[in-house]
Amino acid sequence: MLDAHEPTQVSFTVNGKPESARTTPRTTLADFLRHDLGLTGTHLGCEHGVCGACTVRVDGTAVRSCLTLAVQAHGSTVDTVEGLGETAGAEDVLHPLQQKFWEHQALQCGFCTPGFLMAAVTAVEENPDLTRDEIRERMSGNLCRCTGYAPIVAAIAEYAEQVREARA
Amino acid sequence: MSITEGWVGRRVKRVEDPKILLGRGRYADDVTPARCLHAAFVRAPVAHALITAIDVEAAKQVPGVVAVFTADDFNPMCRSWKGLLDWPGLVGGDQRPLATGKMHYVGEPVVMVVAESRAVAEDALESVTLDYEELAPVVDAIAALDASAAKVHDELPSNLAFEGTFGTGDVEAAFAEAAVVVETGISTARHTAVALEPRGVVAEYDPAAKSLTVRLSTQAPHMLQSVFAELLGLRESNIRVLTDEVGGAFGMKAHVYSDEVATCAASILLRRPVKWIQDRVESLQSDTQARDERVSAALAVAADGRILGLRSEVVSDGGAYSVYPRSMVTEGIQVATIMPGPYRIPVYSGHLRVAITNKAPLAVYRGVGHPVAILAMETLLDETARRLGLDPAELRRRNLIAPAELPYTSVTGQVYDSGSHQESLEKLLAMLPSGPDLDKRKAEARERGRLLGVGLACFVEVTAPGVMFYGKRGAPITAHDQVEVRVEADGSVTVLLGTPGQGQGLQTTAAQVVADHLGVSFDRISVVSGDTAVVPHGTGVWASRSAVVSSGAAASAAREVKERLLAIAGHLLEVDPADLEIGDGVVRVAGASNVHLEVAELAEVAHFRTHRLPPELRIGLSVVGEYSGPNVTFNNGAHAAVVEVEEDSGLVHLVDYACVEDCGVLINPEIVDGQIRGGVAQGIGGALFERLYYDESGQLLTSTLLDYLMPTGPELPDVRITHLETPSPITMLGVKGAGEAGAAGAPAAVHNAVNDALAALGARVWHEPISPERVVRALDEAAGHSWPEPPDTPPVPALPHLGSTVEKGHS
Amino acid sequence: MKLPAFGYHRAESLGDAVAVLAEHGPDARVLGGGQSLFPVMALRMSNPSVLVDITTAKDLQGHAFRDTDGLVVSAAVTTRALETDAETRRRHPLVAESLAQVGHPEIRNRGTVCGSLAHADPAAELPALLLALGGSVRVAGAERRRRIAARDFFLGPYLTALNDGEVVAGAELPLVPATAGWSLREITRRSGDFALVGVICVLDADSAGRCTDARIALFGIAGTPRRATAAEAILAGEVLDDAVLAEAAAHAFDEIDVVGDIHGSVTYRRRVGTRLVARSLAEAAARSQSEVESTRA
C-alpha cells in the first residue's frame, strides 16, 4: 500500500533512458512526465480523457497519460513525443511522421500535435493499411481546433504508405 | 519588383514547426520558475447571488497552502475595469479580480487559493465556505430586457448594455413597394473557442525592481503590458509579457481576465512566482463566449428578385460583463452592420440590443458577428428564392455587387475596396454538382434514406481594421505593428516581430516578406517573437489583421535596411546606389552581373570595418519598420456545402465542401488554406454541434468536452479551396486578411444545405446547432406530427410591422 | 483538475484485492482501467481514500471460451485486448463489435470490460451487451463469491448490485447460437460518443423460420439498459417477416420510461429509437435466416 501523501520512487524507461523521481499516487503520468521529468512535450488539454493531447505510449500501447497514474507506469517502457525523432550531434532529426506533418502543415498552434503523433505512430504500426477514412475514424479520439483535420489525415496516410513500402 | 514573385506566394514549410513537432515548444505551463506557487479558484456555483460570507480559515490550515485571497485582498491594490468603447449609451458593470459582493455567472472567480502545488490548492478549495443568497437569475436575453427583469448589476438602470440602429434609407417605402416580403427568425447558440491549450499565467514579481514578468497564453501581449500597468499601478516599462508558443486563441485570448489579473496580484503580494493554469472546466465556464444572437430579418424584393430593402432586429446576449477592453458589443454591432454583405441593398435598418445576463461574458471569437450576419442574410435569400421559384444562385447573381461598382459603400457605410463578388460565386458553382447530375445524386441518396441538399453562402469580411475600430473609441489597443529587421555581422537576418502568433505561421510569413523586400534568401532569416522586452510594439493578432499589418511593417523595415545595404555597397563599389539591385543575398550592378558583393561582406564592413565607410553613412543595419494598415479592407468569398440528412435519425453528414476565397495577394497559400480549413471546421462545429447550454437557473450544463461537442475528424469533410487574388488597392502588399473567412461562411452554407434537403419534405430548421433532434422534429411537424415537449427553439425578437405582404419563413 | 489524494495498492491477486478493500471499508474503491473513474475523481465528484488496482492481479488476467458460460472475461482484460483478439472476433463477433464502439482506441487500451460493466453508464454499450446476451458478472467479496445476472445487476445510473468491498472479478458473455442473428446499432452525434439511443438484439429461429428467442436490449434511453420486453413478446414464436418485425419495433419502448437530456429529448429518443430497433431487428433477422439457410445448405 502506498500512502496518499508519502512520495514513493517511480522508475521507468522513457524514450530509451531510465528515469526516476519520487511522487505520490495521485500524480498522473502526464503530470509526472511534464513536471517531475521536465518532458513538457506531452500536453494537457482536458484532463478528462477526451482531447487526446496527452497521448503517450506505455509498453508500446497508446494511452491517455492524464488517465494513467505515474505509479501504474512504474517498471514500464514509456515513449513520448520527445523520443520520436533522432538525435544527430547538435541536431534533432524529425521522425518520418513528424516530417510528413511538417510537409502537410498538419499543425497550426501545435498543442494537440504530440498526442496526434503518438496515437498515429501506434495506429500505423498496428495497421499500415489504413485508408484515409479509416485514419479519420481511428484518430477521432484526438481533438484539433486549428486544422480541420484534413492535413493531419493526409500526413498520416503518406506516412502509412512509407511504412507499407518499407515492410514490402 | 512584382510582389507575387520571390518568396511571397510560395507554399514554404513553416519555420515554427520543427520545435513543436519535436515536443520542444514552450507553452505557458511548460515553464516553472524556482519557488513557484500554484493557484486555484473557488468559482461561483450559481449564476446570480449575493455573497453573504466567505470563511477561508480552514483552507488556510490545509498543509501546503500559502495564502487564500478574497476580493478584500486584491481590491485595494487593483483598479476595477470594464470595456466601454465610445459607443453612445454603452454601459457595463465593474469587473474585479475576484467577485465583490455579488456573483454574476457560474464560473466567476470568487476566492483564490495559492499553494505549493495545484493539487493541494484544489484540495483546499473544498475547505472554503462560501455563503450566499440566491437572486433571480437573468438567463434569457430577450426576457432580460423586460422592465420587470431582475438586474444583473444593481448600479445600472437596466440590463440593456447597448442599443443602436444601423443603416440608411426609407425602409418603409421599400417594403411597401415590394412584390414579396420574406421574413425569417434565426438563432445561433452560445459558443466558446476551446483553444486546445487552456489559458494560463506564470506571474513573477520582483519587489526590488518593482517589475512584473508575466508569461501567459494570450494573443495580445503588448495590450496586456499596458493593462497590467494600468490596473496594478505599475510602470509599463517594468512589465514584461512572454508568449512563446500559444496553443490557439481565436479571439478568446484577446481579453483581460479576472483570474489572470488575480494571479499577477497574488505574485505581487506574495513576492513569489505564482502559476495558474486553467483546466477545461474553467475554460468552458469562464473563457469568453460568443455567437449568442437571435435575429429576425426581412427582405423586400421586386418580382424579378431584385432586393429593395432589408431590415433586421438583433438581440445579442452579452453575458455578465463588458469584456475589457474590447467590450461586449463588437459582435452584435458586426451582426447588424455586416448583414447586407456582398449584395446591392439600397436601404436597410438594423436594430440591435445587447442584453446583460448572468452568463460568462460574450466577446470576440473568430468571425465576430459575421457567421450570424451571413447566416441571417443567406437563409433569408434561400427562403426568398423558394418563394419566387428562383434558383438560389440566380437570385444571388442578380443582387451581387458588380466589379464596375467597386469600390462600393454599403448601406451601413462599409467601404468594400475591391473584390470578386460575382466571380467568386461563378467559380464556386463550377465546382458543384448541378442539373441532372444533382437530381440523380438526390435520388440515390433518397434510396439510402437520406435527403441530399446543397447550400450556398456569399460573403464579405471585415479584415485589418485600423485605429477607428478601438483606439479612437478609447480602448488601450493599438492598430499598428512594428517589426525590426536586423542584418547580423555574418549576413544572416534577425526579424523581431511585434505581433506573435498562436499557430497562424506569422514567423514564416514575416520571413517570406522580408526575404523579398530585403533581397536575401528565406533560409538566412531567423524570426523572434513573444517577448515584449525584446521585440518592438505589436498589437497582437485580431480581426484578420496580421498578414496585412504585420507584413506591411516587415516590408517597411526590410526596404529601409535594403536602402542602407545598397548605400554601403554603392560606396564600396563606387557606383550610384540607384544602379544597384539586390537578390538572394547578393548586390549587383544592374546590367553588370560580374560586379557584385555578398550581403555578408557588406554586413562585415558595416559591423567591423567601418573605417572603410564615410562618417555620414548610416551603418546600423537594424531598422524598426511600422505600418498602420488601412482603415479596413474587405475580403470576399463564396462557400458551398453538400449534406446528406438521415431521415430516420436527423443526423447531418457533410459529403462535400467547396469554397472560393479572395483574400487578395497570398503570402503563403498553404497557410491561407490552413486558416480556411480551420475556420470552416469551427463554422461547421457551430452549425451542427456546439452549444453552451445554460439551464433556466443559469447553470452551465456543458462544462466538459463530453457535453460541449467539437467536431472530430470523421464529422468533417475535405474542403476544396479555390483562390482568387484581387489585390487590395489600399494595403501595402495588396494583402487582405484571411483568418476568419472560413468560420464566417460555413454556418450559412451548411444551414442552407440542410434546409435545401429538408425542403423536399416541406420542412426547415432555423436554429443552430442543427441537432438531430431539431431535424427530426422539423420533419415530423412538416408531416403534421406534433411533439409533446416545448420546442427547443429560443424566441426571436419581433420585427416592426411590415405590412400585409409578409411571408413568414418561420412558424 | 487534479486528482484528490488517495492511497494506492497494486493487488497481487483477487484475494489480496478483496482483503484490502475489506480492510479500508466503503471509502476504498477498485481501480480497473480508470478511464471512467479518474475523470470523475478529477472533477472531485468522487473522493476515495484508497484505490485498489486490480489490473496486474495475476488471477484476473485473460479470457476463455467455456462450454457452459460462453466467453468468460477476467477483470483485468482491457476492452481493446478482447476486441482485437482473433478468436473473439471469430467466435463472438457481437462482442468484438460492441467493444469497438466503446470510446476511442486509446481509452479502450486501458479501460476494462468488467470496469465498464461496474461503472454502469446507462448510455454505454457493454451493460446493454451483457443484458442482451443474458450474461452475468462474477462478483467476489471478502465473505463470499457470487454470480449476478445482468437483469439483476444494473440498478440505476452508475448504480449496480455490488456491495461495498465487492469486486467484479469476471463477466460471462454467453455465445450467440450459430442459428441466431444479431445486430448492434446506435445513434451518436460524433464518432465515439455515448449513444443518444442504441440497441443490441439477438434473434434465433427454428428451421421453419419461427422465432425461438428474441432479446432486445436498449441503451442510452433510461437509467439502466432495458430489455424491450413487449417487443420480444411480439416476436416469440412468430415467423420473422417484415410485418412482425415492424410491429415489434413499434412496441419497443412500451413500458419504458424514457429519460431525455440536453442531447436528446424523450420524444426524440423514442421516435428515433423505434426506427433504430426496426432496422436492427431487420438486420438480425436477415442474419438469422441467412444462418439458417447456410445451415440447411
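**Sheets, helix packing and chain contacts**

G455(B) stands opposite A641(B) in β28(B). The structure described here is a predicted model, and this residue pair is a convenient place to enter it. The two strands involved, β20(B) and β28(B) (residues 633-646), pair in the antiparallel sense over 14 bridges. They belong to an open sheet of four strands in chain B, ordered β20-β28-β29-β30, in which the pairing is mixed. Each edge strand pairs on one side only; these are β20 (450-463) and β30 (719-724) of chain B. From one strand to the next, the twist averages 15 degrees.

Elsewhere in chain B, strand β13 (residues 274-277) is covered on both faces. V274(B) and W276(B) lie on one side, K275(B) and I277(B) lie on the other, and all of them are buried. Such an arrangement can be read against a general rule: in a regular strand the side chains alternate between the two faces of the sheet. Two further strands pair with β13(B). Strand β1 (residues 37-43) of chain B joins β13(B) in the parallel sense over two bridges, whereas strand β10 (residues 200-206) of chain B joins β13(B) in the antiparallel sense over four bridges. K275(B) takes part in both pairings, as the bridge partner of H38(B) and as that of V202(B).

Strand β1(B) also comes up in the surroundings of a helix. Helix α4 (residues 118-125) of chain B is mostly covered, with eight of its eight residues buried. The buried residues are R118(B), A119(B), V120(B), A121(B), E122(B), D123(B), A124(B) and L125(B). They pack against β1, α2 (57-61), β3 (65-69) and β5 (109-115) of chain B.

Chain C holds an open sheet of its own, with five strands in the order β4-β5-β10-β6-β7 and antiparallel pairing. Its edge strands, each pairing on one side only, are β4 (63-66) and β7 (145-149) of chain C. Ignoring direction, neighbouring strands of this sheet are turned by 25 degrees against each other on average. At one edge, β4(C) and strand β5 (residues 70-74) of chain C pair in the antiparallel sense over four bridges, and A64(C) stands opposite V72(C) in β5(C). Helix α1 (residues 14-24) of chain C packs on the sheet, where it touches β6 (136-140) and β10 (167-173) of chain C. The direction of α1(C) makes about 135 degrees with that of β10(C).

A parallel pairing is also present in chain C: β1(C) and strand β3 (residues 50-53) of chain C run parallel and are joined by four bridges. Within this pair, G7(C) stands opposite V50(C) in β3(C). From strand β1 (residues 7-10) of chain C, G7(C) and H9(C) point one way and Y8(C) and R10(C) the other way, and all are buried.

Chain A offers a helix pair to look at. The axes of helix α2 (residues 96-103) and helix α3 (residues 113-126) of chain A come within 10 Å and cross at roughly 130 degrees. The two helices are therefore oblique to each other, and α2(A) passes α3(A) in a right-handed crossing. L97(A), Q98(A) and F101(A) in α2(A) meet T113(A), L117(A), A120(A) and V121(A) in α3(A). By class, the residues of this contact of α2(A) with α3(A) divide into five nonpolar, two polar and no charged.

Helices α2(A) and α3(A) reappear where chain A meets chain B. Here, 43 residues of chain A are in contact with 43 residues of chain B. On the side of chain A that touches chain B, α2, α3, α4 (132-138) and α5 (150-167) of chain A each supply at least two residues. With four residues, α2(A) gives the most to this side. The side of chain A that touches chain B has 20 nonpolar, 15 polar and eight charged residues.

Chain B also meets chain C, with 17 residues of chain C in contact with 22 residues of chain B. Helix α12 (residues 266-296) of chain C gives the most to the side of chain C that touches chain B, supplying six residues. The residues of that side of chain C divide into eight nonpolar, four polar and five charged.

Terms used: Residues numbered from 1 in each chain as written. Chains lettered and ligands numbered in written order. Predicted model: local features only at pLDDT ≥ 70, side-chain atom pairs only at ≥ 80, totals over all residues. Pairing = 2+ DSSP bridges. Axes fitted to C-alpha atoms, helices over the stretch in contact; angles between N-to-C directions. Parallel < 35°, antiparallel > 145°, perpendicular 65-115°, else oblique. Left-handed = near helix turned anticlockwise from the far one by under 90°. Contact = placed C-beta atoms within 7 Å. Nonpolar A, V, L, I, M, F, W, Y, C, P; charged D, E, K, R; others polar. Buried ≥ 20, exposed ≤ 12 C-beta atoms within 10 Å, placed from the backbone.
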